[in-house]
Amino acid sequence: MNKLTSTNTLVALALAGGVVFGGAALADVDGVLTINGELEIVTKTTPPAHLADNLDEIVSGWVYRAAETQELQMDDFDNPGMLFVDIAQDDWGTVEGTEGKSCATCHDNVEDSMAGVRAVYPKWNDEAEEVRTLAMQINSCRTERMGAEPLKITKGKMARMEALISVQSRGMPMNVAIDGPVQAMWEQGKEMYYTRTGQLELSCANCHEDSYGLHIRSDFLSQGQTNGFPVYRLKNAKLTTAHGRFKGCVRDTRAETYKPGSAAFNALELYVASRGNGLSVEGPSVRN
């Protein structure tokens, strides 16, 4: 594991909640994630080329969870996030908006039509000439095709719709493009990731690249991978989207946060998602 090398970072993390150097004693870091006894999930793998000089290995956040939390994700009957997937199945077939359509009107069977989708988002949309997150694409379908109101980016209905779509790609490797028309936004997200902000002067990298595996507060720092989003957080008893978590992280640095769904958070999502290229899609995952 990487260790903190900056005294300033160590002090800042201590102020944020206290760092305890004791290894990952409560987590089964060598555990293997197999869902429902048959779906093997890649939780550790070689980093993508753009991270080769920064990390020796990329690791899912599942690895750093306590054994009992890890076990919740191994069976869909135990995974509380799957309750929201069931609700989203009903949402999929519900007609909303002025056009008299549901998601199923255009996409029919979610298992077939959404297979592989989660693994490549955020991605470039040729028609709109913009980088779209999965949430943006969901809202585009709602407003432009269904004549329905957009969903709030961090609220429950969006989180469960993302979870439903993510399930169809579970086990597939994350494969987010970083070149071509997305490159400029990817570079913006990368700059955000490494820029220190807030009263604590912390960057995303200080926690999730320099310090993963260390104990902070009552939990372990992970690499901050997004392959498991949306995640069911036990402390909140609900699904959390990536932008919801970004907002919380920025807040924890005591900085003024960006708005979920903003161009800044979209750029950050693109970059962070690309850091997990090669890890399996897990969502909805279970985290503390």
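Me: What makes up the lining of the largest cavity by class, nonpolar, polar and charged?

Reply: In this predicted model, the lining of the largest cavity has 6 nonpolar, 3 polar and 3 charged residues. The residues concerned are Arg118, Tyr121, Thr133, Leu134, Ala135, Ile153, Glu162, Phe229, Thr241, Ala242, His243 and Glu269, and among the elements of the chain H6 and H10 each supply at least two of them.

Me: Why is this space called a cavity, and how many of 30 Å³ or more does the structure hold?

Reply: A space is called a cavity because a 1.4 Å probe fits there but cannot get out, whereas a pocket is open. A search of the whole structure finds 1 cavity of 30 Å³ or more, and the largest cavity has a volume of about 110 Å³.

Me: What is the volume of the second largest pocket, and which residues are closest to its centre?

Reply: The second largest pocket has a volume of about 420 Å³. Its lining is made of 23 residues, of which His107, Gln137, Ile138, Cys141 and Arg145 are the closest to the centre. Two or more residues of this lining come from each of helix H4 (103-107), helix H6 (134-146) and helix H7 (156-167), with H6 giving the most, 9 residues. By class, the lining of the second largest pocket has 13 nonpolar, 5 polar and 5 charged residues.

Me: How do you know whether H7 is enclosed or not by the rest of the structure?

Reply: The cut-off for a buried residue is under 20% relative accessible area, and 10 of the 12 residues of H7 are buried, so this helix is largely enclosed by the rest of the structure. The buried residues in H7 are Met158, Ala159, Arg160, Met161, Glu162, Ala163, Leu164, Ile165, Ser166 and Val167. What covers them includes helix H3 (81-92), H4, helix H5 (110-113), H6 and strand E11 (238-240).

Me: How do you know what the 12 residues of H7 should span?

Reply: The expected span is 1.5 Å times one less than the number of residues, which for the 12 residues of H7 gives 16 Å, and because the end C-alpha atoms of H7 are 16 Å apart, the two values agree.

Me: Why is Val131 called buried or exposed?

Reply: Val131 has a relative accessible area of 7%, and since buried means under 20%, Val131 counts as buried. This residue lies in strand E7 (residues 130-132), and, leaving aside residues up to four places away in sequence, Val131 touches Pro122, Lys123, Trp124, Met136, Val182, Met185 and Leu270. Val131 and Tyr121 are 10 residues apart in sequence, and their C-alpha atoms are 9.1 Å apart in space.

Me: What makes a set of residues a nonpolar core, and which residues have the most contacts inside the largest one?

Reply: The set must consist of buried residues of the nonpolar kinds listed for a core, joined through side-chain atoms within 4.5 Å. The largest nonpolar core has 33 residues, and those with the most contacts inside it are Tyr64, Tyr193, Leu268, Leu270, Tyr271 and Val272. Strand E5 (58-59), helix H8 (183-194), helix H10 (242-252) and helix H11 (263-275) each supply at least two residues of this core, and the largest share, 7 residues, comes from H11. Apart from this core lies another, of 23 residues, among them Ala88, Cys103, Tyr121 and Leu239.

Note on methods: Residues numbered from 1 in each chain as written. Predicted model: local features only at pLDDT ≥ 70, side-chain atom pairs only at ≥ 80, totals over all residues. Heavy atoms only, no water. Buried < 20%, exposed > 50% of the residue type's maximum accessible area, 1.4 Å probe, protein only. Helix = DSSP H or I, 4+ residues; strand = E, 2+ residues; numbered from the N terminus. 1 Å grid on protein atoms, 1.4 Å probe; cavity = no way out; pocket = protein on both sides within 12 Å on 5 of 7 lines; lining within 4 Å. Points joined across faces, edges and corners; volume = space filled by probe spheres on them. Nonpolar A, V, L, I, M, F, W, Y, C, P; charged D, E, K, R; others polar. Contact = heavy atoms within 4.5 Å.
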